[in-house]
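Welcome, and please open your viewer with a cartoon representation ready. We will move from stop to stop, selecting a few residues each time.

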Amino acid sequence: MRNLIIALVLLVLLPVGANASVSENVAPEGRKRVVVIDPGHGGPRPGKVMKDIAEEDYVLDVSKEVRRQLRTKMSNLDVYLTRSSDSAYHEKQAEDNKRRAEFANRKGADLYVSIHANAHEKTTVNGCEVWVLTLNERLMNQNQGQAARYADDGDFIDPKDIDRTSQGFMMAVARQLENEPFSRFFAQECCRNMSSYGLKNLGVKAGPVFTVLYYFEGPGVIVELGYLTNSDDYAYLSKKGSKTEMATAISDAIVSYFKALDGNVEEAPNEEPAAEEEETMEPESLTEGYTIQLLSSTVEVDKNDYQFKSYKGRVALYMGTGRYKYKYCYGSYATREAAAEELARVRETFKDAYVVRFKDGNIVTK
Ligand SMILES: [Zn+2]
């Protein structure tokens with residue numbers, strides 16, 4: 001087993017930088033390419049907040065602009081965002097990151113781009129950079145200290161916690177070997193484009209085992225737009241128009257990437273793209289979180305019953321305690337805030353509705 005790992009790790013060293021291999025990954029005839037954009041943070045985690053810039057809002061604006069631009073640049077491409085509001089998939093950061101990657105897997109993403117802004121305790125550190133996943137033993141070990149430093153926040157998996165002999169890890173290594181040249185190709189394009197707006201190009205980096213990349217099964221990167229903690233980068237990022245420029249840098253890199261893969265891309269017809277259809281968080285995938293209780297009953301009721309009014313067929317049943325133990329609820333949200341936002345609308349129909357917490361099919365009081 002050990003030898004196989006070493007052989008696989010050696011293999012990864014060979015194709016890096018060999019961009020010719022990019023052309024081998026061709027979209028099946030007639031299928032649209034798929035890109036998933038992940039605006040980092042959201043919900044309970046704002047990311048870095050510097051003066052009037054909160055990372056979660058900044059990267060969401062950039063991500064939406066990337067989507068808008070891509071719809072004008074490429075017609076044979078589907079673009080999805082992991083979130084389109086101030087929300088998260090899970091209260092725990094590690095689980096949240098994992099679910100973002102799983103969302104991209106479900107969408108069959110050919111490319112996954114997680115967008116962040118950077119921060120450093122040394123305010124002199126500045127520039128843009130793009131991270132790719134590596135499972136190279138030496139790089140992982142080298143970054144063990146860094147991973148341990150951030151272990152609490154769930155952005156990284158500590159290499160010490162990975163069972164290197166498990167089948168899951170072997171599969172991850174095999175995928176990473178295949179994907180890294182593609183990820184690097186995109187990362188280079190992206191760095192070059194971003195730095196054309198005056199940010200220092202810190203280049204393509206690899207080392208920490210990022211949760212959000214580890215669980216994604218195709219080529220993926222984390223884009224760091226610049227350091228909010230550095231005065232030059234902050235001045236640029238707070239400048240009017242910088243969000244559009246960053247989005248242009250990223251969307252152009254995405255188009256270049258698919259041009260390299262497919263030889264050409266279909267340009268979008270010269271008209272305004274279709275109205276934004278909001279990508280939802282697929283809240284039904286939550287196993288715990290918050291929901292809105294509409295009614296409770298002593299007996300089980302059909303979900304299509306007339307008493308659910310406009311929510312007929314869209315309610316979920318949770319079990320509670322007491323005589324009225326059948327709790328009929330609408331929606332599921334990772335945070336109480338997100339549920340409260342929807343509650344106002346629900347109260348137009350059910351004026352006594354309120355937010356409750358659920359876990360594994362049950363209403364819980366804590
Ligand atoms: Zn971030």
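**Stop 1: the central strands**

Select strand 1 and strand 5: the two pair in the parallel sense over five bridges. Strands and helices here are DSSP runs numbered from the N terminus, with at least two residues of E for a strand and at least four of H or I for a helix; two strands pair if DSSP finds at least two bridges between them. Before going on, note that this is a predicted model, where local features need pLDDT of at least 70 and side-chain atom pairs count only at pLDDT 80 or more, while totals for chains, interfaces and linings use all residues. Residues are numbered from 1 along each chain as its sequence is written, and side-chain values use heavy atoms, with hydrogens and water left out.

To find the register of this pair, show Asp38, which stands opposite Ser114 in strand 5. Strand 5 also runs parallel to strand 10 (residues 220–227), joined to it by six bridges. On that side, Asn118 is opposite Tyr227.

Is strand 5 enclosed or open? Eight of its eight residues are buried, so strand 5 is largely enclosed by the rest of the structure. Buried means under 20% relative accessible area, exposed over 50%, and partly exposed in between, using a 1.4 Å probe and protein chains only. Colour the two faces separately: Leu111, Val113, Ile115 and Ala117 lie on one side, with Tyr112, Ser114, His116 and Asn118 on the other.

**Stop 2: the whole sheet**

Now widen the selection to the six strands of this open sheet, in the order 4-1-5-10-6-8, with mixed pairing. Strand 4 (77–81) and strand 8 (201–206) are the edges; each has a single partner strand, so one side of each is left without a neighbour in the sheet. On average, neighbouring strands are turned by 20° against each other, direction ignored. Such angles are taken between N-to-C directions and run from 0 to 180 degrees, with axes as lines fitted to C-alpha atoms, for helices over the stretch in contact.

Towards strand 8, look at strand 6 (residues 128–132): five bridges join these two parallel strands. Cys128 is the residue opposite Asn201 in strand 8.

Next, add helix 2 (residues 55–73), which packs on the sheet and touches strand 1, strand 4, strand 5 and strand 10; its direction makes about 145° with that of strand 5. Helix 9 also packs on the sheet, touching strand 1, strand 4, strand 5 and strand 10, and its direction makes about 150° with that of strand 1.

**Stop 3: the nonpolar cores**

Which residues have the most contacts inside the largest nonpolar core? Select Val35, Val113, Leu225, Ile250, Ile254 and Phe258, out of 46 residues in that core. Helix 9 (residues 242–262) gives the largest share, ten residues. A nonpolar core is a set of buried Ala, Val, Leu, Ile, Met, Phe, Trp, Tyr and Cys residues joined through side-chain atoms within 4.5 Å.

Centre on Ile254. Leaving out residues up to four places away in sequence, Ile254 touches Val35, Ile37, Val66, Leu70, Leu77, Leu111, Val113 and Phe186 (contact means heavy atoms within 4.5 Å). Another core, of 27 residues, lies apart from the largest one and includes Val34, Phe103, Ala104 and Ala172.

**Stop 4: the zinc ion**

Show the zinc ion with its donors: His41 (NE2), Glu55 (OE) and His116 (ND1), at 2.1 to 2.2 Å. His41 lies in the loop between strand 1 (33–39) and strand 2 (49–50) and His116 in strand 5 (residues 111–118), so the pair ties together parts that are 75 residues apart in sequence. Both His41 and His116 are buried. Donors are N, O and S atoms within 2.8 Å of the metal (3.2 Å for Na, K and Ca); water is not among the atoms, so sites may look incomplete.

**Stop 5: helix 10 and its surroundings**

Move to helix 10 (residues 336–346) and select its buried residues Ala338, Ala339, Glu342, Leu343 and Val346. These cover an arc of only 145° around the axis, which puts them on the same side of helix 10; the arc is that of the directions from the helix axis to the C-beta atoms. On the face turned away, find the exposed residues Glu337, Glu341 and Ala344. The buried residues of helix 10 pack against strand 11 (288–297), strand 13 (326–333) and strand 14.

Finish at Val355, in strand 14 (residues 354–359). Val355 counts as buried at 15% relative accessibility. Beyond its neighbours within four places in sequence, Val355 is in contact with Tyr290, Thr291, Ile292, Arg336, Ala339, Ala340 and Leu343.
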